[in-house]
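Reader: I'd like a close look at one part of this model, the largest pocket, together with the contacts that involve its strands. What lines the largest pocket, and which residues lie nearest its centre?

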Amino acid sequence: MTDNVIISIKGKQLYAEGGPDEVELVTAGTLKRDGAGGYTVSYQESELTGLEGTTTRLHIGKGRATLLREGSVNSQMVFEEGRRHLSMYETPYGALSIGVSTKRMRSTLGEAGGDLEIDYAIEIDNLVAGHNLFRMHVKKHPARTQRGRTEKRRADYAESDPGRP
């Protein structure tokens, strides 16, 4: 599928020991509406995130987001405000069972893009390993939007003048 959005991601991880770890990523990706009234955002991870060779898909529905990663790292994480979900997190070094406790989740995602914010904690062996804040801003890719309009105008023009090639 062709990239149709620009995705800006800011992640902040706070640990009991040491300072915060922050990462920012701006990348092209896709946004599409699913059959259940939610949206799916997909993008390729990069060397910057340490997950190069991994595709990330976020399914965002009413009150719930599911993050799926496939590639060099395989995982599924479910975020639901006020709930704890158990997940498997596979890395090249082995698999971990983790708990994901979502404190807060807000989404304004729609056809034109929008924002997603998730405030959550990760637990390993029932011990909190870190507190995380994930923010994602999605906006339509200007070049893709413009090209789509130009193609539509050409099609409209061809219909209005059938004699033109």
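Author: Happy to take you through it, starting with the fold. The protein has one helix and ten strands (DSSP runs numbered from the N terminus: H or I of at least four residues for a helix, E of at least two for a strand). Along the sequence they follow the pattern β-β-β-β-β-β-β-β-β-β-α, with the helix coming after the strands. This is a predicted model, in which local features need pLDDT of at least 70 and side-chain atom pairs count only at pLDDT 80 or more, while totals for chains, interfaces and linings use all residues. Residues are numbered from 1 along each chain as its sequence is written, and side-chain values use heavy atoms, with hydrogens and water left out.

Of the 165 residues, 36% count as buried (under 20% relative accessible area; exposed is over 50%, partly exposed in between, with a 1.4 Å probe and protein chains only). As for contacts (heavy atoms within 4.5 Å), take those with a separation of 6 or more: residues 24 or more positions apart account for 32% of them.

Now to the pocket itself. The largest pocket has a volume of about 830 Å³. A pocket here is an open set of points on a 1 Å grid over the protein atoms alone where a 1.4 Å probe fits, with protein on both sides within 12 Å along at least five of seven lines; lining residues have an atom within 4 Å of a point. The volume is the space filled by probe spheres set on the points.

To answer you directly, 31 residues line the largest pocket, and Gln 13, Arg 69, Tyr 89, Tyr 120 and Asn 132 lie nearest its centre. By character, the lining divides into 20 nonpolar, five polar and six charged residues (nonpolar is Ala, Val, Leu, Ile, Met, Phe, Trp, Tyr, Cys and Pro; charged is Asp, Glu, Lys and Arg; the others, Gly among them, are polar). Seven strands each supply at least two lining residues: E1 (5–14), E2 (21–33), E5 (64–71), E6 (74–79), E8 (94–107), E9 (113–124) and E10 (127–140).

One of the central residues, Tyr 120, also takes part in a ring contact. The model has one aromatic pair (ring centres within 6.5 Å, with the six-membered ring used for Trp; planes under 30 degrees apart are stacked, over 60 edge-to-face, the rest tilted). Phe 79 and Tyr 120 form this pair edge-to-face, at 4.8 Å centre to centre and with 65 degrees between the planes. The two rings link distant parts of the chain, since Phe 79 sits in strand E6 and Tyr 120 in strand E9, 41 residues apart. Phe 79 is buried at 3% relative accessibility, and Tyr 120 is likewise buried, at 11%.

Strands E1 and E2 deserve a look too. Ile 9 lies in strand E1 and is buried at 9% relative accessibility. Not counting residues up to four places away in sequence, Ile 9 touches Val 23, Glu 24, Leu 25, Tyr 43, Phe 134, Arg 135 and Met 136. Thr 27 belongs to strand E2 and is buried as well, at 17%. Leaving aside neighbours within four places, Thr 27 is in contact with Val 5, Ile 6, Ile 7, Tyr 43 and Gln 44. The C-alpha atoms of Ile 9 and Thr 27 are separated by 8.5 Å, with their positions 18 residues apart along the chain.

Finally, the charged pairs. The count comes to nine salt bridges (a side-chain nitrogen of Lys or Arg within 4 Å of a carboxyl oxygen of Asp or Glu). In one of them, Glu 70 meets Arg 57 at 3.1 Å, N to O. Glu 70 lies in strand E5 and Arg 57 in strand E4 (residues 54–61), so this pair ties together parts 13 residues apart in sequence. Both are partly exposed, Glu 70 at 42% and Arg 57 at 25%.

Glu 80 and Arg 64 form another salt bridge, at 3.6 Å, N to O. Glu 80 is in the loop between E6 and strand E7 (84–91) and Arg 64 is in strand E5, so the pair joins parts 16 residues apart. Glu 80 is buried at 16%, whereas Arg 64 is partly exposed at 37%.

Between strands E8 and E9, Arg 104 and Glu 117 meet at 2.6 Å, N to O. Arg 104 lies in strand E8 and Glu 117 in strand E9, so their salt bridge ties together parts 13 residues apart in sequence. Arg 104 is partly exposed at 29%, while Glu 117 is buried at 18%. Elsewhere, salt bridges with shared partners join Arg 64, Glu 80 and Arg 83 into one network.
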